[in-house]
Every structure is written in structure tokens, then in C-alpha cells.
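This briefing is meant to be read alongside the sequence and the coordinates. Please have both open before going through the points.

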Amino acid sequence: MAKIIDFRKIEEKCNLPKIEAIQTYILNQAHPGEEYEILSKDPDTWYAIKNLGEDLGYEVLEDTKEDGLYIIKIRIL
Amino acid sequence: MHAPPLVEAEWLRERLGSPDIVVVEVDYDPDTAYRVGHIPGAVLVDWRRDLNKYPERDIIDRDSFEALMSRLGVEPGSHVILYGDYNNWFAAFAYWIMKIYGHERVSLLNGGRSRWIMLDYPMTREEPSRKRTSYKVAKVDLTLRAYFLDVLKRLRDPGVALVDVRSPEEYKGEITAPPEYPNEAAQRGGHIPGAVNIPWKKAVQEDGRFKPVEELRRMYEQAGVTPDKEVIIYCRIGERAAHTFFVLKELLGYPKVRVYDGSWSEWGNMIGAPIEKG
């Protein structure tokens, strides 16, 4: 089952650089094979996470957007 | 030909590829923005590398600005459309610099990268090659910029509205920098005496586009920031201040608006500079 990472609370109070955010809140404690579902309200963050998997070591399983909520499901390689 | 200060994503999409238009993405973090995808035909300006002078702290000088415009393929008459990451803060900073160096035809893309992506408009990783130009600056307008001493001399002047656009926590002195930028903290927390706190974010809607002009006008006037005053805006390093500069100068048409880009990272570190807290 995917762990849920809600970026919306972080986005509310800061503008953490995206790579740093992914590393701090996901990759630093992740293990290969684990799945994460990332929630964001920022289309730019969603787009970056969707396209940075090859550089940061994860694959994108699914990406959706609905009513201002942007969701990406990833698996750590 | 006149260029409006603000253009919508829909407007730009219909004109992509137009030879008169130069689309420029201005990023704080190009590795997670421009390089993973940008508006087709857009060229990159890296805020740290291209708009700041090194090793001293300053904006780029006239020669560097001319070299940058030439490299980007901008002519003095080109219509430049700026947009970028981080809520268009750094694109607004570039807008302010372009106005200082007298480029007339420049517009900000409403909502920046986020809105373009939200609308599912085309993105590409392909970097365009534009023909170099020999850009020359015709005039420099330093009245758009305020320095430390300009602010110090005008403290408590009833003809000046000093606007602090940082978060309320920074304004009150509870924190000296946002938690995500700990290395940009100042020695002291608080605000410049007499400054009113109107965070930059109050000027935008949920989708990052600016609020309607009349709503903006009401908000600033109710806070005492009126067009009869000289307005000086600051934040921490100048980029959020440039965003509010755009609102007051370009959307509301205030005649005298200046960015104090030394901002809190200068004032809060300066020995003897007066500070208010709370």
C-alpha cells in the first residue's frame, strides 16, 4: 500500500525547492520497492515530480489531477 | 507598438512562434523547472547566474544586461514575455530589471509556469537556438530602485509608504528567514520602522493569477498605500518585492514605486539600523 505524502501543508507555508522537498520528505527515508502517493495543489510541483523520476531514482506509476488536487504515485527503484 | 504589462496564457498560446515575441522563462531553480519542460520556444534566464552580479551583491550592470539580452536574441523593440517558477517572483524581478534598463515592450505571463501547466498547454524540453543580437540600452531609470540610505532618510516621512511584503512571521520578527531558506537569515528579526505588512500573496488568487484590479486597489488603499505617496517595497532579497512592484506600478498605475532590493537581508544585518518588532 502506498504511503501518502501531502505536500499541500508544506506548500502552504513555504517554497521549498522541489528536489530538496522530494529528497527531504520522501527519498531520505524510502526503500527500494516502496510506493508513495504525493498530493500537491501546485501544478508546477506535480509536473516536476512527474518528470524527475529518472534523475532521482523512482518510477511514476500514475498521475492524476482533479479539482485542484494533483496526485502522483511513484515506486522507489 | 504598445505591449500590455500583463498577458494571459490563452493570449500567449495563440501567438507562440510569432517572430516579434521572445518568451523568457526566469527560474530560481531551473533544474526542476525549465530543464524538465518549458513553453515551446522559451529561452532560459537563471535568476542567480544571469540577473545578479558577482562577486559583489548587486543586480547586473548595464553591460551585463546588454550581453544577456543579446545572448537571448532580444532586440530593443522585441516584445518580451516573462514567466517562471515560484509564483513568478523571479520573472517579476526580471521585469523590474528590464524596466530599469529601459526595455519598453515587456509583459508578465499571468500565473506563470503553474497556470500554463494547469491548462495543459504544450511543454517541451527542446532548447531553442535564437540568433544573437547586439542589444543596446537606450536609457537607465534608477528611480525604480531604492538603496539603504534612501530608506533610512525617509523613515516616518508621511509622503512615503513603506511596504513589507514578507510573511507576518518575518515581519513580526518571529523568524529571520522562511524555514526553507535558513542560509538567508539576518542577524536581527523585525521590520523597518513604519512599514506596513502586506504579504505579496495577498495580491494573487488561488491559481496564481493576480486579483482583479479594483480589489487590489481597495486592499492597498485601506492599508494606507495610496498613489499620492512614494512607495518603497522590500522583502528579504528583493524578488517578492518585485512582484508587488509589478502590482502597484503596472496594474494599479502608481506613479512612484521603488524596490529596495537590499531588503531585510541588508537592513537586518546593518549595524545601527533601527528596527521595530511585533
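The notes below cover chain A as a whole and then selected sites in chain B.

The model is predicted. Chain A holds four helices and four strands, and 47% of its 77 residues are buried. In chain B, the points concern helix α3 and the residues B:Arg13, B:Ser129 and B:His243.

**Chain A overall**
- Along the sequence, the elements of chain A run β-α-α-β-α-α-β-β.
- Taking contacts in chain A between residues at least 6 apart in sequence, 64% join residues at least 24 apart.
- Chain A has an accessible surface of about 4,200 Å². Carbon and sulfur atoms account for 47% of that surface.

**Helix α3 of chain B**
- Helix α3 of chain B spans residues 62-72, and its buried residues include B:Phe65, B:Glu66 and B:Leu68.
- B:Met69, B:Ser70 and B:Leu72 are also buried in this helix.
- The buried residues of α3(B) pack against two strands of chain B, β2 (21-27) and β3 (43-46). They also pack against the helices α2 (47-50) and α4 (89-100).
- Just after α3(B) comes B:Gly73, with a positive phi of about 80°.

**B:Arg13**
- B:Arg13 is part of helix α1 of chain B, which covers residues 9-15.
- B:Arg13 counts as partly exposed because its relative accessibility is 43%, between the limits of 20% and 50%.
- Apart from neighbours within four places in sequence, B:Arg13 contacts B:Trp116, B:Tyr121 and B:Pro122.
- B:Arg13 and B:Ile39 are 26 residues apart along the chain, and their C-alpha atoms are separated by 9.1 Å.

**B:Ser129**
- B:Ser129 sits in the loop of chain B between α5 (112-118) and α6 (148-153).
- The relative accessible area of B:Ser129 is 74%, so this residue is exposed; the cut-off is over 50%.
- From B:Ser129 to B:Val43 the C-alpha distance is 8.4 Å, with their positions 86 residues apart in sequence.

**B:His243**
- B:His243 belongs to helix α9 of chain B, residues 239-251.
- B:His243 counts as buried because its relative accessibility is 1%, and buried means under 20%.
- Not counting residues up to four places away in sequence, B:His243 touches B:Asn87, B:Asn88, B:Trp89 and B:Ala92, and also B:Trp200, B:Val204 and B:Phe210.

Conventions. Residues numbered from 1 in each chain as written. Chains lettered and ligands numbered in written order. Predicted model: local features only at pLDDT ≥ 70, side-chain atom pairs only at ≥ 80, totals over all residues. Heavy atoms only, no water. Buried < 20%, exposed > 50% of the residue type's maximum accessible area, 1.4 Å probe, protein only. Contact = heavy atoms within 4.5 Å. Areas by Shrake-Rupley, 256 points an atom, 1.4 Å probe, with all protein chains shown as cover.
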